[in-house]
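Q: Please look closely at the buried interior, and then at the parts around it. Explain each term when it first comes up.

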Amino acid sequence: MSDVNRGRRQFIGWGAAALGGLTLAPGVMLFAPAQARAPEEAASSRVRWGLLIDTTQCDGCTACIEACRRENHVAAPSRKTDPQWIRKVELKDLRSGKTHSAPVMCQHCEHPPCVDVCPTGASFKRADGIVLVDRHICIGCRYCMMACPYKARSFVHEALTDQNPDVPRGKGCVESCTLCVHRVDRGRNPACVEACAAAGRNAIVFGDLNDPNSEIAKRVATYASTQIRADLGLNPGVRYQGI
Amino acid sequence: MIVALTVAAAATAAYADAGRVPTPKIVIEKGGKCVEDVAVMRRNHMEFLKHQRDDTMRRGIRSTKHSLQQCIDCHASRKTGSVVGSNENFCQSCHAYAAVKLDCFECHSTKPKAAAAAGTAVAKGNP
């Protein structure tokens with residue numbers, strides 16, 4: 001999408017938001033802030049799910065990766081072509097020698113390049129900002145893997161058995177972190193967030209970036225946080241603190 | 001010729017032999033009322049599933065009335081814990097009879113949610 005086009009969309013979006021969010025009295029809005037939805041209610045574009053990862057709390061531990069594998073029944077990769085939903089990236093400042101470790105998964109961009117290039121419409125962004133692959137439509141061409149600047153997607157080369165009933169996945173399709181959409185839809189946190197808290201680190205916060213009262217929005221408003229490759233203008237929903 | 005006859009005999013054994021035309025032997029497991037009439041389900045279950053799949057996948061609607069998980073929860077075989085795998089299991093009994101390929105379970109779990117909770121998706125390896 002060109003910048004001109006994006007600006008126009010944003011302007012229209014602001015208009016819609018101004019109309020939709022009419023303030024009745026101070027603090028009383030026509031719409032309620034995000035809460036757990038009813039099962040028959042569709043995901044709403046008022047919500048923007050995101051993660052804030054505090055790299056100062058993150059060390060060599062791999063609790064998030066292991067929890068992700070358990071939750072989504074992804075086997076530990078034995079070859080570099082095997083699926084991988086989260087990976088730990090080591091960053092080193094060459095001057096000071098200070099090292100950081102950060103989990104990198106699908107960044108759930110607002111303007112996802114994987115969706116732009118997908119020839120079938122299988123790659124899509126849900127109303128609440130979660131970027132997913134519709135495996136019913138995916139033809140396994142892997143354009144999205146090439147387009148993703150975060151190397152977040154992988155291809156399933158081999159037939160699978162024993163999938164999690166909530167996480168269907170199989171041979172011939174591209175896949176990536178779903179932000180544990182099956183848990184989020186039921187009002188739970190993604191598995192990596194839960195595991196990080198259980199490991200006593202609390203380095204990952206999950207929440208609605210659009211809700212000013214959510215912990216993630218407060219922290220984003222208070223502390224400096226960065227998006228990886230912010231220069232690309234993709235506006236990822238995953239933000240990092242301390243890198 | 002003898003081989004062909006034996007194969008034919010083995011194939012028909014899985015079906016109930018009431019009357020001249022063999023019909024599939026369907027084990028429903030959990031009785032009671034289905035989410036729609038049986039006749040409607042027999043003809044239209046694929047449409048219901050497809051509609052529900054798009055609603056769930058694209059819009060995050062997770063009502064259970066027409067969800068595949070719900071089918072499996074009621075109809076998985078008590079013996080094998082699955083809806084496919086043998087011609088006596090719910091989905092496969094009809095699909096094998098009608099010779100309609102069943103693609104769902106290349107990605108979807110064949111087991112009820114509780115039974116499939118443990119375990120890791122295992123690569124079968126290339127043939």
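A: The answer begins with the core, moves on to the sheet, and ends with the second chain.

This is a predicted model, in which local features need pLDDT of at least 70 and side-chain atom pairs count only at pLDDT 80 or more, while totals for chains, interfaces and linings use all residues. Residues are numbered from 1 along each chain as its sequence is written, and chains are lettered from A and ligands numbered from 1 in the order in which they are written.

Chain A contains 7 helices and 12 strands (DSSP runs numbered from the N terminus, helices being H or I of at least four residues and strands E of at least two). Of its 243 residues, 38% count as buried. A residue is buried if 20 or more other C-beta atoms lie within 10 Å of its own, exposed if 12 or fewer, and partly exposed in between, with C-beta atoms placed from the backbone.

The largest nonpolar core has 52 residues. Such a core is a set of buried Ala, Val, Leu, Ile, Met, Phe, Trp, Tyr and Cys residues joined through C-beta atoms within 7 Å. Among the residues with the most contacts inside this core are Ile53(A), Cys64(A), Cys196(A) and Ile204(A). Elements of chain A that each supply at least two of its residues include strand E3 (49–54), helix H2 (63–72), helix H6 (191–198), strand E11 (204–208) and strand E12 (238–241). Apart from this core lies another, of 10 residues, among them Leu68(B), Cys71(B), Val84(B) and Cys91(B).

Cys196(A) shows the packing at one position. Leaving aside neighbours within four places in sequence, Cys196(A) is in contact with Ala63(A), Cys64(A), Arg201(A), Asn202(A), Ala203(A) and Ile204(A). Here contact means that two C-beta atoms, placed from the backbone, lie within 7 Å.

Three of the strands named above also form a sheet. Their order in chain A is E11-E3-E12, the sheet is open, and the pairing is mixed; two strands pair if DSSP finds at least two bridges between them. E11 and E12 of chain A are the edge strands, each pairing on one side only. E3(A) and E11(A) run antiparallel and are joined by 5 bridges. One residue of E11(A), Val205(A), is the bridge partner of Leu52(A).

Chain B has 4 helices and 1 strand, in the order α-α-α-α-β from the N terminus. Of its 127 residues, 22% count as buried. In helix H3 (residues 68–75) of chain B, the buried residues are Leu68(B), Cys71(B) and Ile72(B). Seen down the axis of H3(B), they fall within an arc of 95 degrees, so they line one face of the helix; the arc is that of the directions from the helix axis to the C-beta atoms. These buried residues pack against helix H2 (38–59) of chain B.

The two chains also touch, with 23 residues from chain B and 26 residues from chain A in the contact. On the chain B side, the largest share, 4 residues, comes from H2(B).

One more residue lies in a loop. Pro24(B) is found between helix H1 (2–13) and H2 of chain B. Because Pro24(B) has 16 C-beta neighbours inside 10 Å, this residue counts as partly exposed.
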